Amino acid sequence: QVQLVESGGGLVQAGGSLRLSCAASGRTANIYAMAWFRQAPGNERDSVAAITRSGSNGNYADSVKGRFTISIDNAKNTVSLQMNNLKSEDTGVYYCAAAEIGSSTYNSWGQGTQVTISS
């Protein structure tokens, strides 16, 4: 089992930046991909960015391309999301997720961290 803990959320003005981090513990050797999702009030949880354990494949939602960067540090078992030029529509709860060997979906989730962008 993998445990995930997010940090770095907060309140920032539009145009500003935030960096989210997610620390993984437990059976981290089983992780083959990690991702960030976000959920705005009244909306479904949507994928924002994803990356493989090798770090060679970063995938982004169209709405964040060019503004967000996902990265992974295998030595520290952390995945980060650098968010620049933030917009009000980026507001939501951001969740870290991990996909483990044997699972075709993200099967471990963090508790979420709130990101609020003020206009």
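Is Tyr106 buried, exposed or partly exposed? Tyr106 turns out to be partly exposed, since its relative accessible area is 24%, and a residue has to be under 20% to count as buried. Keep in mind that this is a predicted model.

**View 1. How far can we trust the prediction?** Start with the confidence scores. The protein has a mean pLDDT of 95, with 100% of its residues at 70 or more. Among its elements, strand β3 (residues 18-26) has the highest mean pLDDT, 98, and strand β6 (residues 58-60) has the lowest, 92. As a rule of thumb, predicted coordinates should not be read in detail where pLDDT is low.

**View 2. Phe37 and Tyr106 pair up ring to ring.** The structure has two aromatic pairs. In the pair shown here, the ring centres of Phe37 and Tyr106 are 5.6 Å apart and the planes sit at 75 degrees, so we call it edge-to-face. Phe37 belongs to strand β4, while Tyr106 is in the loop between β9 and β10 (108-109), so the pair ties together parts 69 residues apart in sequence. Phe37 counts as buried because its relative accessibility is 12%. Zoom out a little and you'll find Trp109 too: ring pairs link Phe37, Tyr106 and Trp109 into a cluster.

**View 3. A disulfide joins Cys22 to Cys96.** A disulfide, in general, is a covalent bond between the sulfur atoms of two cysteines. The count for this structure is one disulfide, and its sulfur atoms, from Cys22 and Cys96, are 2.1 Å apart. The torsion about that S-S bond is about -80 degrees, so the disulfide is left-handed. Cys22 sits in strand β3 and Cys96 in strand β9 (residues 92-100), which puts the linked parts 74 residues apart along the chain. Both Cys22 and Cys96 are buried.

**View 4. One cavity makes the count.** Exactly one cavity of 30 Å³ or more turns up, and the volume of the largest cavity is about 40 Å³. Its lining includes Ala24, Ile31, Met34, Arg53 and Asp73. Strands β4 (31-39) and β7 (68-73) are the elements that each give two or more residues to this lining. Sort the lining residues by type and you get four nonpolar, three polar and two charged.

**View 5. Pro41 sits in a loop.** Look for Pro41 in the loop between β4 and β5 (45-52). Pro41 counts as exposed because its relative accessible area is 73%. Its C-alpha atom is 22 Å from that of Tyr106, and the two residues are 65 apart along the chain.

Definitions and conventions. Residues numbered from 1 in each chain as written. Predicted model: local features only at pLDDT ≥ 70, side-chain atom pairs only at ≥ 80, totals over all residues. Heavy atoms only, no water. 1 Å grid on protein atoms, 1.4 Å probe; cavity = no way out; pocket = protein on both sides within 12 Å on 5 of 7 lines; lining within 4 Å. Points joined across faces, edges and corners; volume = space filled by probe spheres on them. Helix = DSSP H or I, 4+ residues; strand = E, 2+ residues; numbered from the N terminus. Nonpolar A, V, L, I, M, F, W, Y, C, P; charged D, E, K, R; others polar. Buried < 20%, exposed > 50% of the residue type's maximum accessible area, 1.4 Å probe, protein only. pLDDT = per-residue confidence, 0-100. Disulfide = S-S within 2.5 Å. Phe/Tyr/Trp six-rings, centres within 6.5 Å; stacked < 30°, edge-to-face > 60°.
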